[in-house]
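Hi everyone, thanks for coming. I'd like to walk you through a structure today, so please have the viewer open.

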Amino acid sequence: MTAFLADPLSLAKARFDWTRDEVESIHNAPFTDLIFAAQTLHREVHQPNKVQKSRLLSIKTGGCAEDCGYCNQSAHFDTGLKASKLMNPVVVEAKARDAKAGGATRFCMGAAWRELKPRDEPAILEMVKRVKALGLETCMTLGMLEDGQAERLAEAGLDFYNHNLDTSPEYYKKIITTRTWQDRIDTLARVRGAGIQVCCGGIIGMGEDEADRIGLLTELATLTPHPESVPINHLVDVEGTPLSGSKPLDGIAFVRAIATVRLIMPQSVVRLSAGRETMSQELQALCFLAGAGSVFVGDELLTTPNPELASDSALFETLGLEGDEPGAAKRAQSATA
Ligand code: SAM
Ligand code: DTB
Ligand code: SF4
């Protein structure tokens with residue numbers, strides 16, 4: 001057994017110099033060794049029966065200039081999605097109130113933009129202020145940011161910014177041509193520099209190789225410091241997108257990715273994100289055992305289906321899970337400092 005799994009608690013202090021070979025030795029270990037180690041570390045650093053509920057809202061849908069091959073919001077592909085303009089902040093606030101009433105403690109607002117344009121900034125800042133005033137954790141995902149924008153978002157009360165690496169640097173070029181890997185790293189640096197917590201992960205099940213998944217996880221684990229939130233999405237297959245028809249990843253491979261994130265980014269909250277609609281209760285239970293500490297609740301993600309609130313309540317009840325309070329990554333950081 002790799003030494004990392006023989007003594008998982010030795011990984012409780014974050015390290016940032018992971019190599020692909022080391023990550024591979026964890027990712028490809030015998031499954032029971034992997035999941036036992038991930039759960040051992042998870043319960044040392046996090047609360048194993050708590051899972052944060054977050055709610056997504058698409059504040060500006062469709063018509064996006066980018067060509068991300070997985071996305072039904074790109075103007076490059078014909079998916080039949082109806083595009084809409086930026087929502088009014090008052091409407092966004094009302095949706096956030098509903099989310100809170102449904103048990104969510106984080107509200108994530110997503111826009112189908114390549115980047116945040118100066119003309120849209122005032123409305124965005126107002127949304128952040130209104131949602132924050134409800135006592136919810138705030139998160140935005142708006143594409144690339146320029147100098148100064150992240151600082152203004154921070155000042156308005158933004159807690160998290162979501163910007164994903166999506167896949168390995170090698171596979172990235174086959175998925176997106178309209179913005180580079182480096183563009184993403186630059187935006188992440190602006191977010192970090194402004195003191196906003198980073199939400200950064202990727203998508204699996206896009207026809208990538210195992211080596212690409214290991215490459216993605218290694219890139220995420222060498223971001224310094226680690227992202228506080230690491231969303232692991234399974235591709236939601238939308239007809240009309242270039243990646244539609246990709247072979248879905250088998251469940252065990254998905255769990256391996258979650259467990260590996262848990263072990264190599266010990267303080268981060270692993271977010272079991274898109275793709276739950278087609279996952280069994282048993283597969284989701286394995287994801288929680290492997291260290292997932294958050295899910296999106298509500299019957300819609302941004303534009304695609306997600307399990308109904310009632311079925312997630314039943315899942316939490318069956319597994320004895322409770323909703324987690326905001327701040328799990330920060331608590332984990334101070335516990336292991
Ligand atoms: N337009 C902004 C951007 O791409 O940075 C923000 C919104 S975009 C929808 C946010 C993230 O959602 C993407 O980075 C991608 O990881 C994820 N995503 C989009 N479509 C998806 C799909 N069909 N399945 C799984 N994840 C998806
Ligand atoms: C992330 O990594 N997953 C969420 C959030 N960040 C914005 C979004 C998933 C979107 C799935 C496709 C859709 O519903 O449009
Ligand atoms: Fe646009 Fe974001 Fe979709 Fe890419 S993932 S096409 S940037 S909305």
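Let me start with one cut-off: when I say that a residue surrounds a ligand, I mean that one of its heavy atoms lies within 4 Å of it. With that in mind, look at ligand 3, which has C64, E66, C68, Y70, C71, S74, A112, W113 and R179 around it. Sorted by class, that shell holds six nonpolar residues, one polar residue and two charged ones. And where does ligand 3 sit? It is in the largest cavity.

I should say right away that this is a predicted model, so the values I quote are computed from it.

Let's step back to the whole chain for a moment. It has 13 helices and ten strands. Its radius of gyration is 19 Å, and the globule rule gives 20 Å for 337 residues, so the chain is as compact as a globular protein of that length. If you like to think in boxes, the C-alpha atoms fill one of roughly 55 × 40 × 40 Å along the principal axes.

Now on to ligand 1. How many residues surround it? There are 16, and the closest are Y70, T141, N164, D166 and V236. You will remember Y70, since that residue is also in the list around ligand 3. The shell of ligand 1 is made up of eight nonpolar, six polar and two charged residues.

What about its polar contacts? Two of them go to the backbone. A polar backbone atom of A111 is 3.1 Å from a nitrogen atom of ligand 1, and a backbone N or O atom of W113 is 3.1 Å from a nitrogen atom of the ligand. A side chain joins in as well: an N or O atom in the side chain of D166 lies 2.8 Å from an oxygen atom of ligand 1. Taken alone, ligand 1 exposes 550 Å², and the protein buries 90% of that. Ligand 1, too, sits in the largest cavity.

While we are at D166, have a look at its backbone. Most residues other than glycine have a negative phi. D166 is not a glycine, yet its phi is positive, at about 75 degrees. You can find D166 in the loop between β4 (160-162) and α7 (169-175).

That leaves ligand 2. Around it are L56, T141, N162, N164, P231, N233, F296, L301, L302, T303 and T304. T141 and N164 may sound familiar, as they are among the closest residues to ligand 1. Which classes make up the shell of ligand 2? There are five nonpolar and six polar residues, and no charged ones.

Side chains supply these polar contacts. A polar side-chain atom of N162 is 3.1 Å from a nitrogen atom of ligand 2. N233 has a side-chain N or O atom 2.8 Å from an oxygen atom of the ligand, and a polar side-chain atom of T304 is 2.8 Å from an oxygen atom of ligand 2. On its own, ligand 2 has 400 Å² of accessible area, and the protein covers 86% of it. Ligand 2 also sits in the largest cavity.

One last backbone detail before we finish. Most peptide bonds are trans. The bond that joins T224 and P225, however, is cis, with an omega of about -5 degrees. P225 is in the loop between α9 (210-221) and β7 (229-234).

That's my tour, and thanks for listening!

Definitions and conventions:
Residues are numbered from 1 along each chain as its sequence is written. Chains are lettered from A and ligands numbered from 1 in the order in which they are written. This is a predicted model: local features need pLDDT of at least 70, side-chain atom pairs count only at pLDDT 80 or more; totals for chains, interfaces and linings use all residues. Side-chain values use heavy atoms; hydrogens and water are left out. A polar contact is a pair of N or O atoms within 3.5 Å; within protein, one must be able to donate a hydrogen and the other to accept it, and residues adjacent in sequence count only if both atoms are side-chain atoms. Accessible areas come from the Shrake-Rupley method with a 1.4 Å probe; for residues, only the protein chains shown count as cover. On a 1 Å grid over the protein atoms alone, a cavity is a set of points where a 1.4 Å probe fits but cannot get out, and a pocket is an open set with protein on both sides within 12 Å along at least five of seven lines; lining residues have an atom within 4 Å of a point. A molecule sits in a cavity or pocket if more than half of its atoms lie within 2 Å of its grid points. Ala, Val, Leu, Ile, Met, Phe, Trp, Tyr, Cys and Pro count as nonpolar, Asp, Glu, Lys and Arg as charged, and the others, Gly among them, as polar. Helices (H or I, at least four residues) and strands (E, at least two) are DSSP runs, numbered from the N terminus. The radius of gyration is taken over C-alpha atoms; the globule rule is 2.2 Å times the number of residues to the power 0.38.
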